[in-house]
Amino acid sequence: LTILGMGVGVGVVLFLVSFGYGLQFILLGNIASTEDAMITVEAYYPGESGLKIDSAIISKISSLPEVSEISPVSEMTAEVHSEKSSGYVISKIVDDKYYRLSGVSKEGFDTKANDTKGAVVSKSTLLVLGITKEEMIRLPVLSADLMVPIVSASGVDTDEVSIYPVKKLAIGGFISDEGEVPLIIIPSSFVNLTTMRYEKMA
């Protein structure tokens, strides 16, 4: 009886362990197959390299079977102007997929993030410009001078920049994160640079 009991006990333990692993495999398979389980990876060159991502690299990565979609991000310093004052902020030039893939939250003037139109600014950008949120909502237009780095013959950014003006930049909302640095996120449809180079992609 003792041997029989030990045999049954070991069998039960093996059955439960096998059942647990099998259940785990099924559940993980179901979770990983959903759209919400897709992983977003942010790729970029080290800042000290001076290298940027160009359209050829984006096309090459887009062709990989593991890559579903790409949202390139171009970053540069911008001098932003309001009716009251001007100030230097970080600008990001993005496409429509950026917010969904990056996880950056925004709020429109009508409090519906999905209805946000135009560029989006951080709350600290308003402090730089010396205007309130209510003033921005009342007159939601800024202008910006983008400082586009001049590229050397070897494809590396130089210390020189060319100025690309963006007039009558419609502001459609705010970045929800209160701790965000002075930043303006501009839809790529507002900027018509002949050659876009990107700092990162999601």
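Q: Buried means under 20% relative accessible area, exposed means over 50%, and partly exposed lies in between. How does Glu75 fall on that scale: buried, exposed or partly exposed?
A: This is a predicted model, and the classes are read from its coordinates. Glu75 has a relative accessible area of 22%. That lies in the range between 20% and 50%, so Glu75 is partly exposed.

Q: What does Glu75 form with Lys92?
A: A salt bridge asks for a Lys or Arg side-chain nitrogen within 4 Å of an Asp or Glu carboxyl oxygen. Here the closest N and O atoms are 3.8 Å apart, and the pair is a salt bridge. Lys92 sits in strand 3 (residues 86-94) and Glu75 in strand 2 (residues 72-81), so the bridge ties together parts that lie 17 residues apart in sequence. Lys92 has a relative accessible area of 15% and is buried.

Q: How many salt bridges does a search of the whole structure find?
A: The search returns three. Lys92 with Glu75 is one of them. Glu135 and Lys84 make another, at 3.0 Å from N to O. That pair links distant parts of the chain: Glu135 belongs to helix 5 (residues 133-138), while Lys84 belongs to the loop between strand 2 and strand 3, 51 residues apart. Asp95 and Lys97 also form a salt bridge, with their closest N and O atoms 3.3 Å apart.

Q: How should I read the accessibility of Glu135: buried, exposed or partly exposed?
A: Apply the cut-offs again. Glu135 is partly exposed, at 22%. Its partner Lys84 is exposed, with a relative accessible area of 54%. Now turn to the remaining pair. Asp95 is buried, at 18%, whereas Lys97 is partly exposed, at 25%.

Q: Where in the chain is confidence lowest, and where is it highest?
A: Start with the general caution: where pLDDT is low, the predicted coordinates should not be read in detail. The mean over this chain is 76, and 76% of the residues reach 70 or more. Confidence is lowest in strand 9 (residues 200-201), with a mean of 58, and highest in strand 3, at 89.

Q: Over which residues does pLDDT stay under 50?
A: Residues 110-116. The model gives this stretch nine contacts beyond four places in sequence. The general caution applies here too: low pLDDT means that the coordinates should not be read in detail.

Q: What pattern does the chain follow along the sequence?
A: Begin with the inventory. The chain has five helices and nine strands. In order, the pattern runs α-β-α-β-β-α-β-β-α-α-β-β-β-β. Next, look at contacts. Among those between residues at least 6 apart in sequence, 70% join residues at least 24 apart.

Q: What is the angle between the planes of Tyr98 and Tyr99?
A: A pair of aromatic rings is described by the distance of the centres and the angle of the planes. The structure holds one such pair. Tyr98 and Tyr99 are 5.4 Å apart, centre to centre, with 75 degrees between the planes. Edge-to-face needs over 60 degrees, and the pair is classed that way. Both Tyr98 and Tyr99 are buried.

Q: Which residues form a nonpolar patch on the surface?
A: Leu4, Val8, Val12, Phe15, Leu16, Phe19 and Leu23. Together they have about 700 Å² of accessible area. Leu16 is in helix 1 (residues 2-32). For the chain as a whole, the exposed area is about 12,700 Å², and carbon and sulfur atoms supply 60% of it. Of the 202 residues, 32% count as buried.

Q: Which residues does Glu180 touch, not counting those up to four places away in sequence?
A: Glu180 touches Ser122, Ser124 and Ile175. Place it first: Glu180 is in the loop between strand 7 (157-175) and strand 8 (183-187). Its relative accessible area is 25%, which makes Glu180 partly exposed. Sequence distance and spatial distance should be read side by side. Glu180 and Val121 are 59 residues apart along the chain, with 9.6 Å between their C-alpha atoms.

Q: What separates the C-alpha atoms of Ser102 and Glu42?
A: The separation is 8.2 Å, for residues 60 apart along the chain. Ser102 is in helix 3 (residues 98-102). Ser102 is partly exposed, at 30%.

How values were computed
Residues are numbered from 1 along each chain as its sequence is written. This is a predicted model: local features need pLDDT of at least 70, side-chain atom pairs count only at pLDDT 80 or more; totals for chains, interfaces and linings use all residues. Side-chain values use heavy atoms; hydrogens and water are left out. Helices (H or I, at least four residues) and strands (E, at least two) are DSSP runs, numbered from the N terminus. Buried means under 20% relative accessible area, exposed over 50%, partly exposed in between (1.4 Å probe, protein chains only). pLDDT is the predictor's confidence in each residue, from 0 to 100. Contact means heavy atoms within 4.5 Å. Rings of Phe, Tyr and Trp (its six-membered ring) pair if their centres lie within 6.5 Å; planes under 30 degrees apart count as stacked, over 60 as edge-to-face and the rest as tilted. Patches are made of residues with over 30% relative accessible area and no salt bridge: like charges are joined within 9 Å, nonpolar side chains (Val, Leu, Ile, Met, Phe, Trp, Tyr) within 5 Å. Accessible areas come from the Shrake-Rupley method with a 1.4 Å probe; for residues, only the protein chains shown count as cover.
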